[in-house]
Amino acid sequence: MNIAIEQGEFVAVIGTSGSGKSTLLNMLGGLDRPSAGSVKVDRYELGKLSDEDLTVFRRRCIGFVFQNYNLVPILNVYENIIMPVQLDGKKPDEAFIQKIVTLLGLEKKLYHMPNTLSGGQQQRVSIARALAGKPAIILADEPTGNLDSKTSGEVIELLKVTSKTFHQTIVMITHNPEIAKQADRCIRIEDGKIV
């Protein structure tokens, strides 16, 4: 199966549970290596990068929004948000971070620990962390799955705005057809194949 996603495109990946959506996302992000074929991002063939180079590539180029949040439990909300930027030895763009935090309604939660937050709040922190470093690519696995419809709409709008502003490519898994319609293009996967 071949997929081409252009720079700056917002693509929704839809399909039933177990169809291969998350596997596709993990391969695009270099979290899994393909057993056959190749995954090329820009000039990099991800399967040929060393583990160390792949880690640096992910940190610098990709923002992940995981379905299960993957927040660091010993860091507060603000520290979780800026962690990828700091790991890369850069200073966070505080004005940009503040804009994201405000839009996601996290301004009163910055110094709380993840275990004190609701699921929806943890998902918002995960989204803020993915956007904080202004990566070229955002890979989002059900980014609105734990959010109410109003916040879901705001999150999709935020993703669209940052995509346009920073010319980011967004690949988003969703089960929600209404959310999928807001993407530039939809890819449907069934039984590991594009249909």
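In the predicted model, Ala140 of strand β5 has Met172 as its bridge partner in β6, a pairing that belongs to the parallel association of β5 with strand β6 (residues 169–173), which extends over 5 bridges. The two strands are also connected through helix α6 (residues 149–166), and β5, α6 and β6 together make a right-handed β-α-β unit. Strand β5 likewise pairs with strand β4 (residues 62–65), again in the parallel sense and over 4 bridges, with Ile137 of β5 serving as the bridge partner of Ile62.

Strand β5 itself, which spans residues 137–141, is mostly covered, 5 of its 5 residues being buried. Ile137, Leu139 and Asp141 point one way from the strand, whereas Ile138 and Ala140 point the other way, and burial applies to all of these residues.

Met172, the partner of Ala140, is also, together with Ile81 and Leu104, among the residues with the most contacts inside the largest nonpolar core, which has 37 residues. Two or more residues of this core are given by each of β1 (10–14), α3 (77–87), α4 (94–103), α5 (119–132), β5, α6, β6 and α7 (177–180), and the largest share, 6 residues, comes from α5. When neighbours within four places in sequence are left aside, Ile81 is in contact with Ile97, Val101, Leu106, Leu110, Val125, Ala128, Arg129 and Ala132. Another core, of 18 residues, lies apart from the largest one and includes Leu24, Phe64, Ile187 and Ile137, the last of these being the β5 residue that is bridged to Ile62.

Terms used
Residues are numbered from 1 along each chain as its sequence is written. This is a predicted model: local features need pLDDT of at least 70, side-chain atom pairs count only at pLDDT 80 or more; totals for chains, interfaces and linings use all residues. Side-chain values use heavy atoms; hydrogens and water are left out. Buried means under 20% relative accessible area, exposed over 50%, partly exposed in between (1.4 Å probe, protein chains only). Two strands pair if DSSP finds at least two bridges between them. A crossover is right-handed if, with the strands pointing away from the viewer, the path from the first strand over the helix to the second runs clockwise. A nonpolar core is a set of buried Ala, Val, Leu, Ile, Met, Phe, Trp, Tyr and Cys residues joined through side-chain atoms within 4.5 Å. Contact means heavy atoms within 4.5 Å.
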